[in-house]
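The exercises below are meant to be worked with the sequence and the structure side by side. Try each task before reading its solution.

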Amino acid sequence: MKYEIKGEPMPVVVCELGSGESMITESGAMSWMSPNMQMETVGGGAGKVLGRMFSGEALFQNRYTAQGDGMIAFASSFPGSIRAVESGAGREVIVQKSGFLASEAGVELSVFFQKKAMAGFFGGEGFIMQRLSGHGTAFIEIDGSAMEYELGAGQQIVADTGYVAMMDATCTMDIQSVKGVKNVLFGGEGLFNTVITGPGHVVLQTMPLNNFAAAIARMLPSKQ
């Protein structure tokens, strides 16, 4: 499989497949394709279906297989970025809910539970995220622009809640409360921040979807 990502701030990834190669995607994510792509809707068993439901994804996925050399494209659903992630032996990636766009057939998508309940409930993306494992390339949607950091062992980065798009599974996520009553009441930064501890790769996003929706809502006329 060869691919090219084009067109930010509304990007699309265009994938060129050899005969017999397959792509997995969420329902409705395919944008255009060559006529020799064969589609099959797959579930993967009750456990995987329920896991996708809890992690914010569709219950079923679509598998597209090239009958001869083929082409298929997947467009982002929100202004932002698309990043390619390589999953393989020794590397698993944790992704925000609804961040998965498409992948090669060898990539496995499963539910990921935060080990610390407080980090799940107050970390901005809820108690459940997504885990990418297996072998192959996956494409992830980023809200806004992507900022990437490589953390060493024990090195930390503190982010406002909702800004963590994905991280290596070797990283850990926790939350810390904003210190000081004045800071909490008048600082405008909420009650908690997310703390990511390395080692591993971390991708932050500049415009979480919830922040974007809130900014638009403030500009809309109120109902009389």
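**Exercise 1: A serine in a loop**

S98 sits in the loop that links β9 and β10 (100–104). The model examined here, and in every exercise that follows, is a predicted one.

Task: Determine what is notable about the phi angle of S98, and decide whether S98 is buried, partly exposed or exposed.

Solution. Begin with the backbone: phi of S98 is near 65°, which is a positive value in a residue other than glycine. Then turn to the surface, where the relative accessible area of S98 is 41%. Buried requires a value under 20% and exposed a value over 50%, so S98, at 41%, is partly exposed.

**Exercise 2: Confidence and overall make-up**

Task: Find where in the protein chain the confidence is lowest and where it is highest, and describe the chain as a whole in terms of its helices and strands.

Solution. Start from the average, since the protein chain has a mean pLDDT of 83, with 79% of the residues scoring at least 70. Next, compare the elements: helix α3 (residues 181–186) has the lowest confidence, at a mean of 45, whereas strand β2 (residues 12–17) has the highest, at 98. Over residues 181–188 pLDDT stays under 50, and for this stretch the model has five contacts beyond four places in sequence.

For the make-up of the chain, count four helices and 19 strands. Of its 224 residues, 44% count as buried, and the accessible surface comes to about 11,500 Å², 58% of which belongs to carbon and sulfur atoms. Finally, among contacts between residues at least 6 apart in sequence, 79% join residues at least 24 apart.

**Exercise 3: The partners of a covered strand**

Task: Identify which strands pair with β12, and in which sense they run.

Solution. First locate strand β12 at residues 128–134, where five of the seven residues are buried, so that the strand is described as mostly covered. One partner is strand β9 (residues 93–95), which pairs with β12 in the antiparallel sense over three bridges; within this pairing, V93 has L132 as its bridge partner. Another partner is strand β11 (residues 107–113), which also runs antiparallel to β12 and is joined to it by seven bridges. Here F112 has M129 of β12 as its bridge partner.

**Exercise 4: A buried serine and a loop glycine**

Task: Work out which backbone oxygen lies 2.9 Å from a polar atom of the S81 side chain, and describe the surroundings of both residues.

Solution. Place S81 in strand β8 (residues 80–87). With a relative accessible area of 1%, S81 is buried, because that value is under the 20% cut-off. The oxygen in question is the backbone oxygen of G144. Beyond four places in sequence, S81 is in contact with E8, P11, I140, E141, I142, G144, S145 and A146.

Now take the view from G144, which lies in the loop between β13 (136–143) and β14 (146–151). G144 is buried as well, with a relative accessible area of 15%. Its contacts beyond four places in sequence are F78, P79, G80, S81, T206 and M207. The C-alpha atoms of G144 and P79 are 6.1 Å apart, although 65 residues separate the two in sequence.

**Exercise 5: Cis peptide bonds and cysteines**

Task: Locate the cis peptide bonds that precede P9 and P199, and state how many disulfides the model has.

Solution. Take P9 to begin with: a cis peptide bond, with omega about 15°, joins E8 and P9, and P9 belongs to the loop between β1 (2–6) and β2. The peptide bond from G198 to P199 is likewise cis, with omega near 25°, and P199 is in the loop between β18 (192–197) and β19 (200–205).

For the disulfides, apply the rule that two cysteine sulfur atoms must be within 2.5 Å; the count is then zero. Among the cysteines, C15 is buried at a relative accessible area of 0%, and C171 is buried at 6%.

How values were computed
Residues are numbered from 1 along each chain as its sequence is written. This is a predicted model: local features need pLDDT of at least 70, side-chain atom pairs count only at pLDDT 80 or more; totals for chains, interfaces and linings use all residues. Side-chain values use heavy atoms; hydrogens and water are left out. Buried means under 20% relative accessible area, exposed over 50%, partly exposed in between (1.4 Å probe, protein chains only). pLDDT is the predictor's confidence in each residue, from 0 to 100. Helices (H or I, at least four residues) and strands (E, at least two) are DSSP runs, numbered from the N terminus. Contact means heavy atoms within 4.5 Å. Accessible areas come from the Shrake-Rupley method with a 1.4 Å probe; for residues, only the protein chains shown count as cover. Two strands pair if DSSP finds at least two bridges between them. A polar contact is a pair of N or O atoms within 3.5 Å; within protein, one must be able to donate a hydrogen and the other to accept it, and residues adjacent in sequence count only if both atoms are side-chain atoms.
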